[in-house]
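Trainee: Could we go through this structure together, one helix at a time? I'd like to practise reading it.

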Amino acid sequence: ENLDLTPSLMADVGGKLETLKIGSCDTGVTNALPTGLLLSAKIDQCAAGAKNRGQFVSCTNAVTNAAKDAGYLTGRQHAAITSCAARR
């Protein structure tokens, strides 16, 4: 896993958290989950393993579904990430 506690520390001291970007599309969703996991690391894994856009979008959807099911993303955040993935 790609665990980075820096975002949580920065949030604790009032720092601005980086948003998830897929290509040139900014999702507006904070890249770091409360667990310290970086969404971008999982999305990068999707990109590396996908043979086409459909596989990339499907993998990205699975990543965001898991985060949503765990209560880390709202439906709106999930949709924003999926929208950016589809444009990649």
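Trainee: Which residue caps the N-terminal end of α3?

Mentor: Happy to help, and keep in mind that this is a predicted model. Look for a side-chain oxygen facing the start of the helix: one lies 3.1 Å from the backbone nitrogen of G54. The residue that carries this oxygen and caps α3 is N52.

Trainee: How far does α3 reach from its first C-alpha to its last?

Mentor: The helix covers residues 53-69, which makes 17 residues. At 1.5 Å a residue the expected span is 24 Å, and the model comes close to that, with a reach of 24 Å.

Trainee: What arc do the buried residues of α3 cover around the axis?

Mentor: The buried residues are F56, T60, V63, T64 and A67. They sit on the same side of α3 because their arc around the axis is only 90 degrees. In general, an α-helix has 3.6 residues a turn, so residues three or four places apart point the same way. As for what covers these buried residues of α3, β1, α2 and α4 are included. The arc you asked for is 90 degrees.

Trainee: Is H78 buried or exposed?

Mentor: H78 has its place in helix α4. Beyond its neighbours within four places in sequence, H78 is in contact with N61, T64, N65 and K68. Its relative accessible area is 13%, and the cut-off is under 20%, so H78 is buried.

Trainee: And what is the relative accessible area of C59?

Mentor: C59 lies in helix α3. Unlike a buried residue, C59 counts as partly exposed, with a relative accessible area of 29%.

Key
Residues are numbered from 1 along each chain as its sequence is written. This is a predicted model: local features need pLDDT of at least 70, side-chain atom pairs count only at pLDDT 80 or more; totals for chains, interfaces and linings use all residues. Side-chain values use heavy atoms; hydrogens and water are left out. Helices (H or I, at least four residues) and strands (E, at least two) are DSSP runs, numbered from the N terminus. The expected span of a helix is 1.5 Å times one less than its number of residues. Buried means under 20% relative accessible area, exposed over 50%, partly exposed in between (1.4 Å probe, protein chains only). The arc is that of the directions from the helix axis to the C-beta atoms. Contact means heavy atoms within 4.5 Å. A polar contact is a pair of N or O atoms within 3.5 Å; within protein, one must be able to donate a hydrogen and the other to accept it, and residues adjacent in sequence count only if both atoms are side-chain atoms.
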